[in-house]
Structures are given as C-alpha cells and as structure tokens.
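Student: Could you take me through a close look at how the two domains of the first chain meet? I would like one connected explanation.

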Amino acid sequence: MSTFQIVNPGNVAGATQRGGGSAGLPVALYTSTGDTLVEASRKASKQISRIPYYSHTNLVVIGEELAKEGIQQIFDAVERNPQFRPAANIIIARKQTAKQLSSVLTPIDKIPANQIIKTLQFTKGLLGENVDTRIREIIENFSLDGKEVVISSFRIAGDWQKGAEQDNVRTIEPSARLRAAELAVFKNGKLVGWMKNEEARGVLWVLNKVKQTNVNIDWGESKEGLSYKVMRAQAKVKAKLKDGNPIISVVIKTEGDISETFISMDFTDPKQIIELEKKIQQEIKKEVRKAVHAAQKKKSDIFGFGEVVHRTYPEEWKEMKKTWHNKYFPEAELHVKVDSFIRRTGLRTRSYIQ
Amino acid sequence: MWTRSKGKKEKDTHAYGGLAPNGIYGTIDQDLHTNIEKVRDITGNSADIIIRRFLLGKDDNFPAALCFVSGMVDEHIVQQLLLEISVQLSLPSSSCGLDYIEQKIATTNTARRIQQWHDIFSSLMSGEVILFIDGMLEAIGVSVKGGEYRAITEPSTQLSIRGPREGFTESLATNVAMVRRRIQNPHVWVEAITLGEVTQTNVRIMYIKGIANDKIVEEVRSRLRRICIDGVLESGYIEQLIEDESFTTFPTVYHTERPDSVAANLLEGRIAIFVEGTPFVLIVPTVFIQFFQAVEDYYARFDIATALRFLRMLVFFISLVAPSVYIALTTFHQEMIPTSLVIAIAAQREAVPFPAFIEALLMEVTFEILREAGVRLPRAVGQAVSIVGALVIGQAAVEAGFVSSAMVIVVSITAIASFATPSFAIAISARLIRFALMVLAALFGFYGILIGVILMTIHLCSLRSFGVPYMAPLAPLILENIGDTFIRFPLWGLKERPHLIMNTDTVRQKDGQRPKPPQRAEKEGDSN
C-alpha cells in the first residue's frame, strides 16, 4: 500500500491568494494499493486528477511494519525511474504507519514533508542524534558487504487522529506534532532495533556526521555541571587484523567552546582546561563505546567497520565477508581515542556563579 | 523589386537617365535670356528657384543673372556677392572678362567656371549660386552653401556618461569636419561619391591612408559604385545594398551617431561612410563583438570596462533566451526548478488557461506592440500608452488570469535586458531570434534551445563583413586582438590593431606604456 502526499500549490502560503482563497489544505493524501510500487503509483491515477510527478519527491516514509519485513525491494523502482531523485530523504514511521505519519498537518512548514526534512536537517546539525539518510546512501549500502543502513525515524507526538484536521494548525500547541525519534538499525534490509540519545549520537560520532552538538560533563559534585559545545568534529576509523581478528580504532577530534557552566571555575588556568578536555574525551568515548556495543549486540555493522577492513585487507576480506556481521563484527576489539580541544570559553572567562 | 529593375537596367543603360542631371545635355548659350529660359524650363519654373537679373559693367551694358535655390544658400552671402560683383565691376579698371570676375569674387571659397548644363544643374541643386552673363559661353558657379540645419546636439541613440557630448547632424560637411577635428592628420582621406540617380545624394568615404586596408577600401568603393537606385535617403539604404548577407538578423554594418566612435574605428583601420542628410554614419568592416563595445569602455578604466562587457553579453543572452527558458522549464523540466519555487509557479499557473508557450507568446507580443506604439507616438500620447501598458501587462493581465505573474517577471526581464543591450541593431536581432527560440523551447525544451543557440552560433561564424569573419577575433582566434573582446585589457595592453581588418602597420603603441611610479633618484643616478 502506498500513500501519496500531494501538494496543492494554490493553498501553499506564499503562492498568490487567487482562486478560492486559502481555506483549503496545502496537501492532500491519496492511498492506493498494488503488488508493486509502480502498480500502486499507476493505480493512484484513478483518484488523482494530475500526473504524479516524482522529480520533486523529497521524502519517502516507510512504515515500521514494512521496515521489519524488509525494505530492500522497494528501491529498485525508485532507482530505475528517471524522475525520482536519489537525494530524497528517507525516514521510518515509528510506532505508526507511514500513512498516519503523513496525515499530520504542521503549522510552520505548511507542507508536512518539508517540516520533516527541515527538522531532520537542523537537528542533525545542531544536536547530532539523527541522520538525514538519502535514498542514494541506502542503495549504496545495499551493495556493500561491510556496512549496514541506519535511518532516522519520526513519530507523532500527541493525538495522531486530530493531526489530519485543519484545527491542528490553528492552535498554538498542535494536538499532533511530528518529532524526530530513534535511529532505526537495519540488518540485511530488515529493521532489527532502535538507538536513541547518547547511543544515537555515538553512531554519528563514528560515522563522522556530527557537526555541532553539546556534551555535558560532571565536575566535582555537580552532575552535568558543564556544557561543551562542539563546533567541529572529525572521526577516522582504522582497522587492523591480529591473529585474524579485527581491531578497530576510532580516532575522534573535536573542537569547541565552553557554552554553559554551573560551577565556579578558573578558565584561565591551562591545567584546568586540560582537565576539562580529558573529562570531555571520556564522555565522548563512553558514548562511542555504548553505540558500538549496542550495534555489536544487534550484529549489525552500521559503522561500516567491515568496509574499512575490506579496504585495508582486501585479500583477507574475501574470506571474512560472509561471516562478518555474525562472527567478526560482534567480537571486534574497539579502541577509541578522542582528542577534544577547547578553543574558547565563550564571551566570559569567569562565571558570576561563585 | 530593385534586383528586378536592375536586370532591366542592363538592357536600357539609362533607366533614370531622363531624371538624372547628367541626362541634360548641351552647353550654355551666349544669350542670357535663352539660358534663363532653359533653367526655368528644366526646373518647371519652381517657386524656390530664384533668378535675379541685373546689369553689370561701368555702363551697365552687361545683363547678367544670379540663379540659386532659396533655402539652400546663405542668403546673406548672396547679398554680399551681388554687391561685390556690382561694385567691383563698376570700377573704372574693371573688365567684364570671366577671368576677372572669377578672380575678383573673393567673398566665397570656391568659384569655378561651368559650361555643361548638367554641371550647372547639379551645382545649382547642391546649393551653389550660378552667375550667367550675357554673351559668355561659360557660367560661374559660386559655392555659398548654407541654409538651416539642426544644431549639433547630444546623440540620442548612443549616450555616454563620460565622453564627448556631440553627435552627428544631418549636414554632411559638419559631420566630416567633426571627425577630422578629432584626427588632425593629412592621411585621413575623404573620397566623394554621389549616389541616387534622382536624389544625387552626397556620400563620403573616410579612412586613414596607411592604416586602412587598401583592398577593403577598394571593395567599399566598388560596392558603392555598384549601387544604382533612384534615391538614397538614409545610410540604411546604403547599408542594405552593400552588406555581405541580406538574409540574416545580425547587422554586418555598424552605424553610429558619435564622432568619437567613428574616429576610434578609423584608427582601427575601418572605413566610415557618411551620407548627406542623416546623422548615422556607417562603419565597415564590422565584427560581432563591436556591438557590445561602447565608446565609454575605452574612456573608463579597464576593470570596469571588462565587467560591463561581461554584463552586456549576459544581457544579450538573457534577452535572447529568457522567455524560452521559462517555457522549457515549465513545460518540460519542472525538476530543475527548486521545489518551493515550482510550487509557487504551479499555483500561479493553476488559473492560467493557456500552455506556457501561448502564455509567453501573448505577453511577448503584447510587449512588442507596446514598444512599437511607444516609439512612434508623440511624446504627450506616449505617456498614456506607458501607463496603459504598465497596467495591462503588470496587473490586469495577471488578475484576469490571462498570464501568471512569473511570466510578467520573465517578460520584464527580457524587455529590460534588451534595452540594456548597447546597440539597438543587435537588440533587434535578438528580438527576432527570441521568438524562434520560444517555438523550439515549446517543442523540444532545453534541447531545442540548445539546438537553436548552436545553429545561431554556426550562422554567426559563417557571416562575413567585407571579407572579415564576423566572429573575429574569436573565430578565427587571433590572440593579439583578444584583449579587446569580452574583456578589455588595460590600454597599454592593447598593442595591436585588429589584424584581419588591416594588413600593414598593426602596432599602435610603443612597448612599456604601462605607467610606473617614479624611480628613486639614487637608483637612476640623477641628481634631481
């Protein structure tokens, strides 16, 4: 079953106010069924008075149920179609069907698909717990032996049934809201589990996808008493074989500022700063280890460690690749090295907190 | 039409023989009265032919007559002339011999003796005063050309911010002089030729001997001589009769209203053709890139001149393809428009009942109508037209749902771009090609536009102007001249004149013209 969220351009804000006023909704939802995606798309023409045009498709939502069954089959039609863009975003509908997720009206971005894409894009850049996976990456990953797919999920916060009505965008706090949720971990194209919060960020650290984020550390008695704002981060993954067993080393370099503190501390003291940097490094290291362990438990190499081994030991890989996910990856030894650097302490050196 | 009558002409050598002054045979008669009757007869006793009879000599024994066309002579000088002749010839020492008169008529520059009637009539019609004296077998033609001309004003078509303010007038002599004043050199040669069997229009070919290519000068001469037409009323007549290729939208002859532009072109070895009665001077040979060069480019510094030239090329391109790109995008290539924009355009086009091509055609034609109306209307009415036009194009058409507002933007950009093209002649050709490209875009999308532009380029490369490839110095590539094309090098870098146009003396300046800060005194060993 496929659902099409189609833009009704006359009702999108910004377009001219001509032709019936702005009473209508910016999007309309059509559902059709078929044995294949193409069939469903063709059958949709029974209800839609326009030709579906896929060049501007910017979001593909996959229901959790289908994700568990496997998503491998659906991308051939997408890749084959000259209109479809491989740069379109893809998300998983968490705890709901894709149709339910698509039928929530959103207040700021009139087109819900845009709301999802932009939310994903900015939360990825600012917090780093979600990835904006593109169709291209997924298809690429399908053809790689040593890498598994990870896709962000969205869920509906609040009452999803009220989301489809216009009243949803008329209140200051909409009854149904779309929000980015956990990362979906796939194995062989099938959804095998979820990762969230620090675990999710750990994945992004290793994937070198963290742009900005903040890391809270404990200091003295104050739990989470200091916040480090990462402005730049870089990760490198290397692999070694020792007695036929892989050793993965991850080196992460971060650079950032102190952005908040609840403790009284002399930031002009270089020793203190070095202490702080060490704490931050430990914190990031902890997140990375957590993420890798979780993935090892699910036997899904979402980090692409296998690909690193493949590149470093192409000969040995030929043997390893069949059992990589089930045998080598869960057992792989992990070395994490984090190099955090505090560039500035913000506009203040000494906090007013004494 | 003309080619057909030209064919006839070969059988009958004098198609207009009866009308041309050189078709009037014979020499003047001794009898003054007969001569005057002949003038009256030939001119049909025209009201503006003034014949003033008077008596000459000490004893008033020589009847004479002055004959001129009123309005074409300076009547003050005619008065003086009359006075002078009368006074001079009443002196005791005077004689009424023609030699004496010819030498004594000193108030004017030229006085010559004429015998043939056709000479007399062409002199008379060009504004000379003819003096007939009874009993003489020759008349005297005195040049007192004058009359009213439009004063020298700022050119109306090629304005500049920096540069001379004067533009050509309708007076041939004034125009030639304006250029000569700029190049005060005896090697500026001016050749005279009369074109138009009936109109007998004066035409001047001007070039710098030694810089201009003699072969091209000869070619210009022969092409001008080949012209056999009843009238030449504007330089456009000549342009159409001497251009290399008629069936092209691109002009292969440059025309200008600015004397400084002519002077600059002469210095590049080009040849200027002046025509009596029009401020537009033709310049040959012409290359494509000339239409994107403004005189100001050379007066302003090179960086800004280069930037402006790029802008002009861009503007030409926009005026060429903007509507067709809109058609192609909205009809075939919606995927190339950013999503939010495609939604906005789709919303506007929702209410438009026509396909994009019809929509664009509608607007473009409306605009062309408005422009054409605006060009020829009296100024007072013109304003009304522009108001109506602004309302019709800008608002009402959109509100009525005829066209989308995106289309209005496209048409406006096209219009402004075509106005920003420095040469009107090239802007017109873009105007025509634009419609062809619109059809191609409606049929084949971007592919069609590309085909159209490629065909246009091939056509441009095939054109020649007086044997010089139109796209020179780009195709064929002449590296020495590339500094004055899309880019303009600093003036000291423009060392050579266009190579293809001239064959001799291509170097126009010494090496090392680049300005430098003064050297330090110690280094030079100079005590100063």
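Tutor:
**Where the two domains meet**

Taken over C-alpha atoms, the centres of domain 1 of chain A and domain 2 of chain A are separated by 31 Å. Chain A is divided into domain 1, residues 2–195, and domain 2, residues 197–344, with domain bounds that come from an automatic or database domain assignment. Residues are numbered from 1 along each chain as its sequence is written, while chains are lettered from A and ligands numbered from 1 in the order in which they are written. This is a predicted model, in which local features need pLDDT of at least 70 and side-chain atom pairs count only at pLDDT 80 or more, whereas totals for chains, interfaces and linings use all residues.

Turning to the meeting place itself, 20 residues of domain 1 of chain A are in contact with 28 residues of domain 2 of chain A, where contact means that the C-beta atoms of two residues, placed from the backbone, lie within 7 Å. On the side of domain 1 of chain A that touches domain 2 of chain A, at least two residues each are supplied by α5 (112–126), β6 (176–187) and β7 (190–195) of chain A; helices (H or I, at least four residues) and strands (E, at least two) are DSSP runs, numbered from the N terminus. β6(A) gives the most to this side of domain 1 of chain A, with five residues. By class, this same side of domain 1 of chain A has ten nonpolar, four polar and six charged residues, where Ala, Val, Leu, Ile, Met, Phe, Trp, Tyr, Cys and Pro count as nonpolar, Asp, Glu, Lys and Arg as charged, and the others, Gly among them, as polar. As for the chain that holds both domains, the secondary structure of chain A comes to eleven helices and eleven strands.
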